[in-house]
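Work through the exercises below with the sequence and the model at hand. Each task is followed by a solution in steps.

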Amino acid sequence: MKVSFHGHSIVQIETNGKTILFDPFITGNELTYLKLEDVKPDVIILTHGHGDHIGDTVELAKKNNSLVIAVAELAAYIGWQGVEKTHGMSIGGAYQFDFGKVKLTPAFHGTGLMTEDQQIIYLGMPAGVLFTAEGKTVYHAGDTALYSDMKLIGERHPIDLAFLPIGDNYTMGPEDAAAAAEFLQAKQVVPMHYNTFPPIKQDPHKYADMLKPGIAKVLEPGESIEL
Ligand code: NI
Ligand code: MN
């Protein structure tokens, strides 16, 4: 399984002949080198309904006939934008797809989509994602605060690689994300959701130094890890 980081919260997993893309915020994301026209996801997994996570989902899914997986409300909303293949789930639920198993975990965050006419569209609970394929589990935490049940997630699911937000302001900051890494007992941790916007400026190497030696892997956008 090849797992690559593409800036902000974009993670791409290649496994079982499929390309799975998490939170494809490409347009307007100055950190990513991904080009919309080159990205051909078979599957898009969304952690929640904020613009910096939905990103280019609708355009990508329509163009590539991608399956979009998200909490039920968000999956329905994406479907209403004309995306044909969606799969709604809820927190705590798992489903075995032909390319891997997806389980949604809690994430302490918001998820309203703010419209131009000053309405907030509720898009279900924000989520984290446990993705398992080829006997390996990748955890994408989404946007979340630190919470103690991350311990439970770590005890019940051996995590080979965890993507944790460190930006602060909207999510955990580095100190809390270091505690999260402990709770989750992940074998490797990649920091995400930092340096995209001024309020979430962080030094990922400082974060890496807070973890046990060898755990943190700071990936530049475009870099990958083979599991
Ligand atoms: Ni968010
Ligand atoms: Mn975000």
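**Exercise 1. Establish the strand order of the seven-stranded sheet and find its edges.**

Solution. Step 1: the seven strands form an open sheet in the order β6-β5-β4-β3-β2-β1-β15, with mixed pairing. Strands here are DSSP runs of E with at least two residues, and helices are runs of H or I with at least four, both numbered from the N terminus. Two strands pair if DSSP finds at least two bridges between them.

Step 2: β6 (85-89) and β15 (224-226) are the edge strands, each pairing on one side only. From one strand to the next, the twist averages 20 degrees. Axes are lines fitted to C-alpha atoms, for helices over the stretch in contact, and angles between N-to-C directions run from 0 to 180 degrees.

Step 3: strand β5 (residues 67-71) runs parallel to β6, and five bridges join them. Within this pair, A70 stands opposite G88.

The model is a predicted one, in which local features need pLDDT of at least 70 and side-chain atom pairs count only at pLDDT 80 or more, while totals for chains, interfaces and linings use all residues. Residues are numbered from 1 along each chain as its sequence is written, chains are lettered from A and ligands numbered from 1 in the order in which they are written, and side-chain values use heavy atoms, with hydrogens and water left out.

**Exercise 2. Which strands does helix α2 lie across, and which does helix α3 touch?**

Solution. Step 1: helix α2 (residues 57-64) lies across β3, β4 and β5, and runs at about 160 degrees to β4. Step 2: helix α3 (residues 72-80) packs on the sheet and touches β5 and β6, contact meaning heavy atoms within 4.5 Å. The direction of α3 makes about 140 degrees with that of β5.

**Exercise 3. Describe the six-stranded sheet and the helix α5 that packs on it.**

Solution. Step 1: the order is β7-β8-β11-β12-β13-β14, in an open sheet of mixed pairing. Its edge strands, β7 (94-97) and β14 (188-192), each pair on one side only. Neighbouring strands are turned by 20 degrees against each other on average, direction ignored.

Step 2: β13 (residues 161-165) and β14 run parallel and are joined by five bridges. A162 has V189 of β14 as its bridge partner. Step 3: helix α5 (residues 174-184) touches β12 (136-140), β13 and β14, and its direction makes about 155 degrees with that of β13.

**Exercise 4. Which protein atoms coordinate the nickel ion (ligand 1), and why is the site classed as irregular?**

Solution. Step 1: the protein donors are H48 (NE2), H50 (ND1), H109 (NE2) and D143 (OD), 2.2 to 2.3 Å from the ion. Donors are N, O and S atoms within 2.8 Å of the metal (3.2 Å for Na, K and Ca); water is not among the atoms, so sites may look incomplete.

Step 2: the angles among the four donor atoms are 90 to 176 degrees. Four donors count as tetrahedral if all angles lie between 85 and 135 degrees; four count as square planar and six as octahedral if opposite donors are over 155 degrees apart and all others between 65 and 115; anything else is irregular. The nickel site is irregular.

Step 3: along the chain, the donor spacing is H-x1-H-x58-H-x33-D. H50 lies in the loop between β4 (43-45) and α1 (51-54) and H109 in the loop between β8 (100-106) and β9 (113-114), so the pair ties together parts 59 residues apart in sequence.

Step 4: H50 is buried at 18% relative accessibility, whereas H109, at 25%, is partly exposed. Buried means under 20% relative accessible area, exposed over 50%, and partly exposed in between (1.4 Å probe, protein chains only).

**Exercise 5. Identify the donors of the manganese ion (ligand 2) and the residue that coordinates both metals.**

Solution. Step 1: D52 (OD), H53 (NE2), D143 (OD) and H193 (NE2) coordinate the manganese ion at 2.1 to 2.2 Å. Their spacing is D-H-x89-D-x49-H. Step 2: D143 coordinates both ions, which are 3.2 Å apart.

Step 3: D52 in helix α1 and H193 in the loop between β14 and α6 (204-210) link parts of the chain 141 residues apart. D52 is buried with a relative accessible area of 15%, and H193 is buried at 1%.
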